[in-house]
Amino acid sequence: MLNFKVNEELCIRCGKCITDCPPMCISMQEGDFPVIQDEGKCMRCQHCLAICPTGAISIMGAAPSDSIELQYELPTAHSMEALIKGRRSIRKYKKKALDDKTITKLLETAFHAPTGVNAQGVFFTATATAEATEELRKEIYTKLDAMLAKGGYDEKDLRYIYMNMANKAFKEHDMDIILRGAPHILIASAPKTVPLPKEDCIIALTTFDLLAQTMGVGTLWDGMLKWCVNDFFPELAAKLGVPEDHEIGYTMVFGRPAVQYHRTVQRTPKINLVK
């Protein structure tokens, strides 16, 4: 049920909701107000709510008054440049976990990231406490040690080369290079039936990553963790609550950084401008 509503006192019949509707399912007869002719065509994108200049449209229970006005809230190009160039992969974390409010804020906002055909299928699985992460950490290294001791794997496989290195560092130096001592892990998954499950997850994690920096939260894109929960020990993903019919797009660890960076780095981009 779309529950598409138009406040007739606010609607100026400008037609912007009609021309910006991707599936073109909104129409308006002369002298009347906008209506959705075929609810089955609606993508649930809420473009109509967002583009209405007077805030006359609500849909699916979402009202304009509950949205953020964009006129004064967008960051400047300079602040975005500083954010993108200044973010660092964090490999040293404070042990204390984030509060639930901060984690929820990050995840709820990241869910607004774009998805293919507006599928909105990304599912976040995160540890809410440092204790839960520590339990996962111990289980990963226990399983990893047993797997490597058993042998029978391709020693040229890059995944096993890194896993051997991680296992040795943990056993000999109590060094965790898989989770980096972070208090939280994050798995982004999506149904295998959506058009672009992996890409949707990576876009969502990128959104999470950038917002995290603005909230004093550090992150690390963690391919070794993905190998663990996706390739080697998928039972861990199931234990954490990742749906069985989902594809894991990527994984991340996060928490308060134990280090502080003071300036951006400098890189030489590879650019090809075709004219």
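Helices (H or I, at least four residues) and strands (E, at least two) are defined here as DSSP runs, numbered from the N terminus. The model is predicted, so that local features need pLDDT of at least 70 and side-chain atom pairs count only at pLDDT 80 or more, while totals for chains, interfaces and linings use all residues. Residues are numbered from 1 along each chain as its sequence is written, and side-chain values use heavy atoms, with hydrogens and water left out.

Strand β6 spans residues 184–191 and is mostly covered, eight of its eight residues being buried (under 20% relative accessible area, against over 50% for exposed and in between for partly exposed; 1.4 Å probe, protein chains only). In a regular strand, side chains alternate between the two faces of the sheet. From β6, His-184, Leu-186, Ala-188 and Ala-190 point one way, whereas Ile-185, Ile-187, Ser-189 and Pro-191 point the other way.

Pairing of two strands requires that DSSP find at least two bridges between them. Strand β5 (residues 123–126) runs antiparallel to β6 and is joined to it by four bridges, with Thr-125 opposite Ile-187. Eight bridges link β6 to strand β8 (residues 246–255), also in antiparallel orientation; here Ala-188 faces Tyr-250.

Most residues other than glycine have a negative phi. Gln-120, in the loop between α4 (100–110) and β5, has a positive phi near 50°. Gln-120 counts as partly exposed because its relative accessibility is 36%. A positive phi, near 65°, also occurs at Gln-46, which lies in the loop between β3 (35–36) and α2 (47–51). With 30% relative accessibility, Gln-46 is likewise classed as partly exposed.
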